[in-house]
Amino acid sequence: MEYKAYTSFDPDFLWGASTASFQVEGAAEEGGKGLSVIDVMPKNPAITDFSVAADHYHRIEEDVALMAELGLKVYRFSIAWTRIFPDGNGEVNEEGVAFYNRLINALIKHHIEPLVTIYHFDYPQSLVEQYGGWISRESIEDYRSYAAFLFKTYGDRVKYWLTINEQDHVVRIPSRLGLTGDDHYEQLRLGYQANHHMCVATALTIKTFHELGMKGKIGPAVSYSMVHPASSHPDDVLASKDAMLIKHNYLMDLHCYGEYSYSFQSYLEERDFMPAIEDGDLELMKQYPPTMLGVNYYFSEAVRAFPATEEFPIGYQKKSLLPEAEAGVFEVVKNENLAATDWGWEIDPVGLRLTLRELHERYKLPMIITENGIGAYDKLEEGDIVRDDYRISYLREHIKQVKLAINDGVTMLGYCAWSFMDVVSGRNGMEKRYGFVYINRADFDLKDMRRIKKDSFHWYQKVIASNGEDL
Ligand code: BG6
């Protein structure tokens, strides 16, 4: 729909940018920090690891000053669980507590709202060793009590909290659960059990949040994007609806309604994936839903029907990091209408508007974009110039669609681009950059790590200063 009159962004719209602890901090074994599943992951010789990252741990004052110069109203970052509790439970590490106090105080001093992700992929390795991590029910209370500690310690200054980042990816990427071996089926089965525990842990944490009388909002940061039908053939339309369910909506239905929908339950049972559920789990989720939603959006997908055959029976999945084909359900295909990034992520700004509308219609929660951005091979030119016009154009087109979604009636609290500065990409190391601020290092050469403002930095500065009018 096109409109004659456009609503502007609210004067208190939270313009922001995001990072995650393991992707920026470095100092992986400093300051009393314990090991996380990220630190013990087998190293990929082709890309950099996370041990130094952007060296943010040693440069928070300098980095926060740049955030202030950019004009950020909100900064989304995650707390490394193992900086606070090196073993995931037990003894507190005061040095870690002090580090985040310094960061939060620096943000407040510059009038930047902290938006804290309680846990963003870097799960404590010790909990995996103690009892298997998320696949055990014991994980629920350890997560809740870690979160409760954060509420009590930082809650006087932090109003916005994200519980778990991209739970769906944690569930499907075995190393993020601390699982080893190569039994794909077993890993998926365990993944659904872990998923259930994470949902119970989230609900219990939200309960604690209310019981402690915390002011502000709390909810998960979900990876959610439209799955378009590859054609108007009803079989493809059905494939897209089913893919939306088993990629995204199953999780949102649990968080918001405490419900394994009938069709999702049938999907799990047919594959023998149904997790153990204890009495009261679903009631707890129903009673303590999120009060806001973080949305991570990069690309959309298109799918066509993929009928099960003798060669590809029900239960068959095309092996990839995230599901690309499931016999009897869907198969991802190229969307010829869209351009893609260098890593094949299809760029779909209208897909963001559709995503926000879909989430609004289904769950009616206020939302904040917690990640949106483009990974690229940025080039540092002489004179410290990075001409990232492709990033400006990507962000501009997506922000326009956020504005249109607001016109559609969606409640948006803010927009955080991914990422504030270059981070070590989760899947592609340092060669794939996302930030407004360039970090002068390569995959294996740390160089001088100096911070350089890209062209997109100056552009976003104007966007924020004009409250989204000057795009
Ligand atoms: C999201 C994560 O999945 O996507 C981020 O929350 C990640 O941590 C981002 O960096 C982009 O993915 P990648 O693999 O390109 O870094």
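This is a conversation about a predicted model, moving from its ligand to two helix pairs and two backbone details.

Trainee: What makes a residue count as one of those that surround the ligand, and how many are there?

Mentor: A residue belongs to the surroundings if one of its heavy atoms lies within 4 Å of the molecule, and 15 residues surround the ligand here, the closest being Gln23, Glu166, Gly426, Lys432 and Tyr434. By class, that shell holds five nonpolar, six polar and four charged residues.

Trainee: What makes the pairing of Tyr434 with the ligand a polar contact?

Mentor: The cut-off for a pair of N or O atoms is 3.5 Å, and an N or O atom in the side chain of Tyr434 is 2.5 Å from an oxygen atom of the ligand, so the pair falls within the limit. The side chain of Ser425 also offers an N or O atom, 3.1 Å from a ligand oxygen, whereas Gly426 uses a backbone N or O atom, which lies 2.7 Å from an oxygen atom of the ligand. Of the 380 Å² of accessible area that the ligand has on its own, the protein covers 98%.

Trainee: Why are helix 3 and helix 5 called roughly parallel?

Mentor: The axes of helix 3 (residues 60-70) and helix 5 (residues 94-109) come within 10 Å and cross at roughly 25 degrees; angles under 35 degrees count as roughly parallel, and the two helices are therefore given that name. Helix 3 passes helix 5 in a right-handed crossing.

Trainee: How do you know which term describes helix 14 and helix 15?

Mentor: Their axes, for helix 14 over residues 349-363 and helix 15 over residues 389-407, come within 8 Å and cross at roughly 30 degrees, and because the limit is 35 degrees, helix 14 is roughly parallel to helix 15. The crossing of helix 14 past helix 15 is right-handed.

Trainee: What makes the backbone at Lys364 worth a remark, and where does Lys364 lie?

Mentor: Lys364 has a positive phi of about 50 degrees although it is not a glycine, and Lys364 is placed in the loop between helix 14 and strand 11 (367-371).

Trainee: What kind of peptide bond joins Trp418 and Ser419?

Mentor: The bond is cis, with omega about 15 degrees, and Ser419 lies in the loop between strand 12 (412-418) and strand 13 (437-439).

Key. Residues are numbered from 1 along each chain as its sequence is written. This is a predicted model: local features need pLDDT of at least 70, side-chain atom pairs count only at pLDDT 80 or more; totals for chains, interfaces and linings use all residues. Side-chain values use heavy atoms; hydrogens and water are left out. A polar contact is a pair of N or O atoms within 3.5 Å; within protein, one must be able to donate a hydrogen and the other to accept it, and residues adjacent in sequence count only if both atoms are side-chain atoms. Accessible areas come from the Shrake-Rupley method with a 1.4 Å probe; for residues, only the protein chains shown count as cover. Ala, Val, Leu, Ile, Met, Phe, Trp, Tyr, Cys and Pro count as nonpolar, Asp, Glu, Lys and Arg as charged, and the others, Gly among them, as polar. Axes are lines fitted to C-alpha atoms, for helices over the stretch in contact, and angles run from 0 to 180 degrees between N-to-C directions. Helices (H or I, at least four residues) and strands (E, at least two) are DSSP runs, numbered from the N terminus. Angles under 35 degrees count as roughly parallel, over 145 as roughly antiparallel, 65 to 115 as roughly perpendicular and the rest as oblique. A crossing is left-handed if the near helix is turned anticlockwise from the far one by less than a right angle, and right-handed if clockwise.
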